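Biologist: I have just opened this one and would like a hand reading it. Could you walk me through the charged pairs and then one of the helices?

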Amino acid sequence: HDLFLANGFEGTSMDAIAAAAGVSKPVVYDCFASKDELFTAMLDREEERVLRETEAALRSPGGGTDPEGALIRGFDAFLTAVESSPDIYRVVFLGEGGGNEVVAARIARGLERQAQLAATITHRWVDGLTELEGEEADATAQLLGQTIVGLAQVGARTLLRDPERWTPATLAEKLGRMVWAARAAI
């Protein structure tokens, strides 16, 4: 990912990737058919890690009885991942390093997966907080999931742009409390 940040997506060649990895270009092509495929694999790996960590935090013991705490833990897990791999998240959330339509589509799919996960987990909160049923409860849970992911993206951008001011924990606390306070609108 360092090459993509330094040279942009279009400016990073398979030759440069091979050289940075200390292998020949045919070895890189044995593993990845294209630069798009390599970049997508890099995003896939990071997304799977973040989804596992965030889901574990949201489903942690007490999550059903302490949804606000679960939200804070979920935001903290996500923002800690951003802090631990800032270069990849600079590409995803700040657009650094460029990209193309394939990369943009892959990032969009990843964000949609995160929203679906959030909606699945928060559906029980919607059921427990409101009289909503059926399609209306589903739509509300989807909206809440999109809201959580949207705030997570804002949190990631904030953390990347101003790391001296924010830590994952302080930002997670604020974002979790914001979402929980907004539940009254449901």
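Modeller: We will go through the salt bridges and then turn to a helix, bearing in mind that this is a predicted model.

Biologist: How many salt bridges are there?

Modeller: The count comes to 4 salt bridges. As general background, side chains of opposite charge can pair when their charged atoms come close.

Biologist: Which residue does Lys-25 meet in a salt bridge?

Modeller: Lys-25 pairs with Asp-15, with 3.5 Å from N to O. This pair links distant parts of the chain, since Lys-25 sits in helix H3 (residues 25-31) and Asp-15 in helix H2 (residues 14-21), 10 residues apart.

Biologist: And are those two buried or exposed?

Modeller: Lys-25 counts as partly exposed because its relative accessibility is 32%, and Asp-15 also counts as partly exposed, at 46%.

Biologist: What about Arg-113, which side chain does that one meet?

Modeller: Arg-113 forms a salt bridge with Glu-48, at 2.6 Å from N to O. Arg-113 belongs to helix H7 (residues 101-129) and Glu-48 to helix H4 (residues 35-58), so the bridge ties together parts that lie 65 residues apart in sequence. As for accessibility, Arg-113 is partly exposed at 39%, and Glu-48 is partly exposed at 33%.

Biologist: Where does Arg-177 come in, and what is its partner?

Modeller: Arg-177 forms a salt bridge with Glu-68, and their closest N and O atoms are 2.8 Å apart. Here too the pair links distant parts of the chain, with Arg-177 in helix H9 (residues 168-182) and Glu-68 in helix H5 (residues 67-84), 109 residues apart. Salt bridges with shared partners also join Glu-68, Glu-173 and Arg-177 into one network. Arg-177 itself is partly exposed, having a relative accessible area of 42%.

Biologist: Switching to H9 then, how far apart are its end C-alpha atoms?

Modeller: They are 21 Å apart, which agrees with the 21 Å that the 15 residues of H9 should span at 1.5 Å a residue.

Biologist: Which residues of H9 are buried?

Modeller: The buried residues of H9 are Pro-168, Leu-171, Ala-172, Leu-175, Gly-176, Val-179 and Trp-180. They cover an arc of only 160 degrees around the axis, which places them on the same side of H9.

Biologist: Why would residues three or four places apart point the same way?

Modeller: An α-helix has 3.6 residues a turn, so residues with that spacing, three or four places apart, point the same way.

Terms used. Residues numbered from 1 in each chain as written. Predicted model: local features only at pLDDT ≥ 70, side-chain atom pairs only at ≥ 80, totals over all residues. Heavy atoms only, no water. Helix = DSSP H or I, 4+ residues; strand = E, 2+ residues; numbered from the N terminus. Buried < 20%, exposed > 50% of the residue type's maximum accessible area, 1.4 Å probe, protein only. Expected span 1.5 Å × (residues − 1). Arc of directions from axis to C-beta.
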